[in-house]
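Me: I am new to this structure and would like to learn how to read it. Could you walk me through it step by step?
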Amino acid sequence: MTVTEIKPLEPGPGQVVITVEAAGVNYVDGLFVHGRYQIKPPLPFVPGSEIAGTVTAVGPDVTGPAVGTRVLAGCGLGGFAEQVVVPAAAAVPIPDELDAARAATFTQSYCTALSALRERGGLKPGENILVLGAGGGVGLAAVQVAKALGARVLAGASTEGKRDAALAAGADAVLDTSTDVKSAARAWSEGGVDLVYDPVGGALADPALRALRENGRYLVIGFASGTIPALPLNQVLLRNRAVVGVDWGAWSGSNPQAQRALLNELLRQVRDGHLDPVPPHTEPLDAAGKVLDDLLNRRVIGKVALLP
Ligand SMILES: NC(=O)c1ccc[n+]([C@@H]2O[C@H](COP(=O)([O-])OP(=O)(O)OC[C@H]3O[C@@H](n4cnc5c(N)ncnc54)[C@H](OP(=O)(O)O)[C@@H]3O)[C@@H](O)[C@H]2O)c1
């Protein structure tokens, strides 16, 4: 990956140009760069799927947001740059409470968490949840969103630094995922957790499934471990458990109005002080390759934002 100059962007009809103040780094950006994502863009391409900044030009037929509005936007690709061009409808005004770095790392992690926990998992106040990968991007967000929904949160992570981050984000207790996950989670929840939120997969999946109580739900979020686990279905039958898939990316693409409502609800919670997103680490744009390498190799705690 190299930083290079390209021509300034011009907005087409219905589009806005955003001058990027921060670009959020996501696991999926690393998959794109490695050519391991299901969509393989022709080379060369600019990675980066979510940004925050200020609208600096609007094309014909745009009724808002106006030039000068602070916005965040999902852009699929092109975010690791000084400018992006997106459809005006994709540029969402951000509350003063969110600086550019936190806004640029908000949408994917927090929307995934709320859509998984509430819409797919039916999380109710007072329920016990085990969040795996709790020191990572979607995991830390899930800790905060689960707390905001009134749940008790056990945060699982592999290092003390990640567990400390989960505690600081509001987790009630932490679990070292290199130990006996099933026994520890059952002991903490006095018999079994109601929900598992799993962005990691691999060897953690089996003990986490067995940690579920009667009517427990297992949310399949991702496979950051690199291994898609095979779950024993007898363990799903036993205790009337459910395994529930979560594909927020596809859902948000085919339900743009519902996605906008979900995002606005989360932004309102930030404005009202019910959600205080964890500030990301920040790095300059030309550190993008190193940051993606760190992310894909488990070395990042929370999120990273690139500042062009
Ligand atoms: N379903 C959806 O809609 C959706 C939406 C967004 C993201 N995702 C997926 O969720 C997964 C996690 O995303 P993220 O942004 O949270 O990533 P992340 O910030 O890198 O966190 C992933 C966590 O996975 C754990 N992990 C275990 N083995 C790993 C390995 N070999 N390499 C990297 N991480 C490993 C690490 O925690 P420990 O060190 O504590 O084990 C790490 O903190 C990705 O697969 C992503 O594609 C899914």
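Reply: Happy to! Please keep in mind that this is a predicted model. A pairing of strands can be read residue by residue, so let us take one bridge: Arg217 has Ala242, in strand β11, as its bridge partner.

Me: Which strands does that pairing belong to, and how many bridges join them?

Reply: Strand β10 is joined to β11 (residues 242-245) by four bridges, and the two run parallel.

Me: What does β10 pair with on the β9 side, and in which direction do the strands run?

Reply: Strands β9 (residues 193-198) and β10 (residues 212-220) run parallel, with five bridges between them. One place to look is Val193, whose bridge partner in β10 is Leu212.

Me: Which helix goes with β9 and β10, and what is the handedness of the unit?

Reply: That is helix α7 (residues 205-210); together with β9 and β10 it makes a β-α-β unit that is right-handed.

Me: Now zoom out, please. How many helices and strands does the chain have?

Reply: There are 11 helices and 13 strands in the chain.

Me: How do I judge the overall form, and what does the radius of gyration say?

Reply: Set the chain beside a rule for globules: a compact globule of 308 residues would have a radius of gyration near 19 Å, and the chain agrees because its value is 19 Å. The C-alpha trace spans about 60 × 35 × 30 Å along its principal axes.

Me: What share of the residues is buried?

Reply: Of the 308 residues in the chain, 48% are buried. As for contacts between residues at least 6 apart in sequence, 69% join residues at least 24 apart.

Terms used. Residues numbered from 1 in each chain as written. Predicted model: local features only at pLDDT ≥ 70, side-chain atom pairs only at ≥ 80, totals over all residues. Pairing = 2+ DSSP bridges. Right-handed = clockwise from strand over helix to strand, strands pointing away. Rg over C-alpha atoms; globule rule 2.2 N^0.38 Å. Buried ≥ 20, exposed ≤ 12 C-beta atoms within 10 Å, placed from the backbone. Contact = placed C-beta atoms within 7 Å.
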